[in-house]
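Student: I'm new to this structure and would love a close look at one part of it. Could you walk me through the salt bridges and the residues around them?

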Amino acid sequence: IRGLTTSLGKKSVHGYLWNLPVIKQVDRFMTKFYQSVDDWGKLNMFEVEIENITKVQNALPEGAKFNKYRLTKEQIEDKSELLVRDNMPNYDMIPRFWKRVRQIPAIGAFFSFSAESLRNTLNAFAHIGKDFNLARKLALDEATDAAALQSLRASKRAAGFAAMVGGAEATRRVLQEINGISDAEYEAAQLLGLPTYFKDAW
């Protein structure tokens, strides 16, 4: 709405209303509240990643053979920051052109969520692969404890991703079982009595 109002100018009705002090205060409050919730999630993930990486580091055996796996405090923080950036939505990373396109009412800002979801999904696949690969290398070098911790982290990341992707389908299956609805009845319900836009709804 703010983007549309800016485009229309202050002389429009929307512009007049949006520039009322009380509306501006509500806008600032809601924006900061939304950002604070989002930032809390990112900070929490950052701390968790630091903890996980540190556990693997502390489990590395002594000896020069394992120095290639050792990370400084700064490197651990940098790696954690990269994981947060790659796996959490960050709308600042959307190209400037698409940010302007979001102001068009017929398009809206929702596509930004889809774009970030795609970026996060691709990055999640990449990091899961890297995590398992590091666990494999640690195991080959006989860093057993570190390999186990790294493998556990990779498995949790993969399980979390699978739960996120398959959560909707799993919920549908559970609700079907609870209500005694067969697959045939579910398919029939999609074809009969429902509007087109409800075709793939639960």
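Tutor: Happy to! Let's begin with a term: pLDDT is the predictor's confidence in each residue, on a scale from 0 to 100. We need it because this is a predicted model. Across the protein the mean pLDDT is 80, with 76% of residues at 70 or more. Confidence is lowest in helix H1 (residues 2–8), where the mean is 55, and highest in helix H4 (residues 73–87), where it is 94.

Now to the salt bridges. The structure holds 7 of them. Some belong to a network: Glu49, Asp131, Arg153 and Arg157 are linked by salt bridges.

A good place to start is Glu49, whose side chain meets that of Arg157 in a salt bridge of 3.3 Å, N to O. This pair links distant parts of the chain, since Glu49 sits in helix H3 and Arg157 in helix H7, 108 residues apart. Is Glu49 buried or exposed? With a relative accessibility of 2%, Glu49 counts as buried, because buried means under 20%. Arg157 also counts as buried, at 12%.

Arg157 has another partner, Asp131, and here the closest N and O atoms are 2.7 Å apart. Arg157 is in helix H7 and Asp131 in helix H6, so this pair ties together parts that are 26 residues apart in sequence. Asp131 is buried, as is Arg157.

The remaining member of the network, Arg153, lies in helix H7. Its side chain is joined to that of Glu49 by a polar contact of 2.8 Å. Leaving out residues up to four places away in sequence, Arg153 touches Glu49 and Asn52.

Let's turn to another salt bridge, formed by Lys68 and Asp141, with the closest N and O atoms 3.2 Å apart. Lys68 lies in the loop between H3 and H4, and Asp141 in the loop between H6 and H7, so the pair ties together parts that are 73 residues apart in sequence. The two partners differ in their surroundings: Lys68 is exposed, with a relative accessible area of 60%, whereas Asp141 is buried, at 16%. What does Asp141 touch, leaving aside its neighbours within four places in sequence? Its contacts are Lys65, Phe66, Lys68 and Tyr69.

For a contrast with these charged pairs, look at the nonpolar surface patch of about 670 Å² made by Val22, Ile23, Val26, Phe29, Met30, Phe33 and Val37. Val37 belongs to helix H3 (residues 21–58), the helix that also holds Glu49.

How values were computed: Residues are numbered from 1 along each chain as its sequence is written. Side-chain values use heavy atoms; hydrogens and water are left out. Patches are made of residues with over 30% relative accessible area and no salt bridge: like charges are joined within 9 Å, nonpolar side chains (Val, Leu, Ile, Met, Phe, Trp, Tyr) within 5 Å. Accessible areas come from the Shrake-Rupley method with a 1.4 Å probe; for residues, only the protein chains shown count as cover. A salt bridge is a side-chain nitrogen of Lys or Arg within 4 Å of a carboxyl oxygen of Asp or Glu. Helices (H or I, at least four residues) and strands (E, at least two) are DSSP runs, numbered from the N terminus. Contact means heavy atoms within 4.5 Å. A polar contact is a pair of N or O atoms within 3.5 Å; within protein, one must be able to donate a hydrogen and the other to accept it, and residues adjacent in sequence count only if both atoms are side-chain atoms. Buried means under 20% relative accessible area, exposed over 50%, partly exposed in between (1.4 Å probe, protein chains only).
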